[in-house]
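Hi there,

Here is the structure I promised to pass along. Have a look at it first, and then read on for my notes.

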Amino acid sequence: PGETRNILEKCLVDLSDCGPYYCEVKTEGLNATAISKSVRLGLRNKTEGASVKPVKTAAQMEQLKAEEVLQTAEKESFAREKLALLIGNSTYSSDQLNNLSGPENDVYELAKALREHDFKVLSYVNLKYDEMLECFDKFESYLKKLNFSGVYALFYYSGHGFLSDKPYLVPTDAT
């Protein structure tokens with residue numbers, strides 16, 4: 001009531017806001033003209049500048065609310081940090097372990113792909129036992145700095161391994 005603006009914009013809407021709105025235009029002077037127009041209430045995502053979606057029923061209003069909740073959840077589910085640790089062991093010092101041809105290339109290609117998706121990548125090839133422990137500590141340290149929260153963490157190993165009571169990754173200096 002009493003609005004003199006050209007546009008009525010309601011940012012917070014609910015089911016009680018559904019229905020027609022009327023606009024009356026008056027001019028001062030000899031001739032007065034009254035215009036009555038029905039306007040459908042809709043939702044607009046102000047941050048993305050999306051167009052108004054007309055709402056006809058309460059069910060449509062609920063559907064729009066559900067869509068908005070999903071869009072918000074999708075936006076908030078993205079990690080603020082993406083970190084990957086990649087190890088490729090292919091050259092072993094032990095005569096009992098065959099050298100492998102693929103791990104170095106696997107790590108190189110995966111690192112390239114992950115960087116294209118905004119991952120910070122720690123990639124290593126042909127690590128000895130102490131070096132493997134060091135890179136695991138470094139990876140854990142980065143994750144601790146981020147409080148393990150809002151982070152996509154990925155670990156990839158290519159090389160010899162074996163399963164006993166638990167899985168083992170084989171460093172290049174294994175005997």
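In which strand does Ser158 lie? The place to look is β5, which covers residues 151-158. Please keep in mind while you browse that this is a predicted model. Ser158 has a relative accessible area of 11%, and because the cut-off for buried is under 20%, Ser158 counts as buried. Its side chain makes a polar contact with the side chain of Asp106, at 3.1 Å.

Now for the overall layout. The protein chain holds three helices and seven strands, and their order along the sequence is β-β-α-β-α-β-α-β-β-β. Of the 175 residues in the chain, 23% are buried.

Next, the charged pairs. Side chains of opposite charge can pair when their charged atoms come close. How many salt bridges does the structure hold? There are two.

One of them joins Lys120 to Glu81, with 3.0 Å between the closest N and O atoms. Lys120 belongs to strand β4 (residues 120-125) and Glu81 to strand β3 (residues 81-88), so this pair ties together parts that are 39 residues apart in sequence. Glu81 is partly exposed, with a relative accessible area of 22%.

The other salt bridge is between the side chains of Glu140 and Lys144, at 3.8 Å from N to O. Here both partners sit in helix α3 (residues 129-145), four residues apart, which is about one turn of the helix. Glu140 is partly exposed at 35% relative accessibility, and Lys144 is partly exposed too, at 48%.

While you are at helix α3, take a look at Phe139, which is also found there. Is Phe139 buried or exposed? With a relative accessible area of 10%, Phe139 is buried. Along the chain, Phe139 and Leu83 are 56 residues apart, yet their C-alpha atoms are separated by 8.4 Å. Leu83 falls within the residue range of strand β3 (81-88).

Then there is the surface. Which residues form a negative patch there? They are Asp130, Glu131, Glu134, Asp137 and Asp173. Asp173 is placed in the segment after β7 (167-169). With a relative accessible area of 32%, Asp173 is partly exposed.

Finally, two backbone details that you may want to inspect yourself. Asp118 is not a glycine, but it has a positive phi of about 65°. You will find Asp118 in the loop between α2 (103-116) and β4. Its relative accessible area is 62%, and because exposed means over 50%, Asp118 counts as exposed.

Asn126 is the other residue to inspect: its phi is near 55°, again a positive value in a residue other than glycine. Where does Asn126 lie? Its place is the loop between β4 and α3. Asn126 counts as partly exposed, at 23% relative accessibility.

To pick out a few places for your own viewing session, I would begin with the contact between Ser158 and Asp106, go on to the salt bridge of Lys120 with Glu81, and then turn to the negative patch that includes Asp173.

Happy browsing, and do write back with any questions!

Best wishes

Technical notes. Residues numbered from 1 in each chain as written. Predicted model: local features only at pLDDT ≥ 70, side-chain atom pairs only at ≥ 80, totals over all residues. Heavy atoms only, no water. Patch = residues over 30% accessible without salt bridge, like charges linked within 9 Å, V, L, I, M, F, W, Y side chains within 5 Å. Areas by Shrake-Rupley, 256 points an atom, 1.4 Å probe, with all protein chains shown as cover. Salt bridge = Lys/Arg side-chain N within 4 Å of Asp/Glu carboxyl O. Lys, Arg positive; Asp, Glu negative; His and termini not counted. Charge placed at Lys NZ, Arg CZ, Asp CG, Glu CD. Helix = DSSP H or I, 4+ residues; strand = E, 2+ residues; numbered from the N terminus. Buried < 20%, exposed > 50% of the residue type's maximum accessible area, 1.4 Å probe, protein only. Polar contact = N/O pair within 3.5 Å; in protein donor to acceptor, adjacent residues only side chain to side chain.
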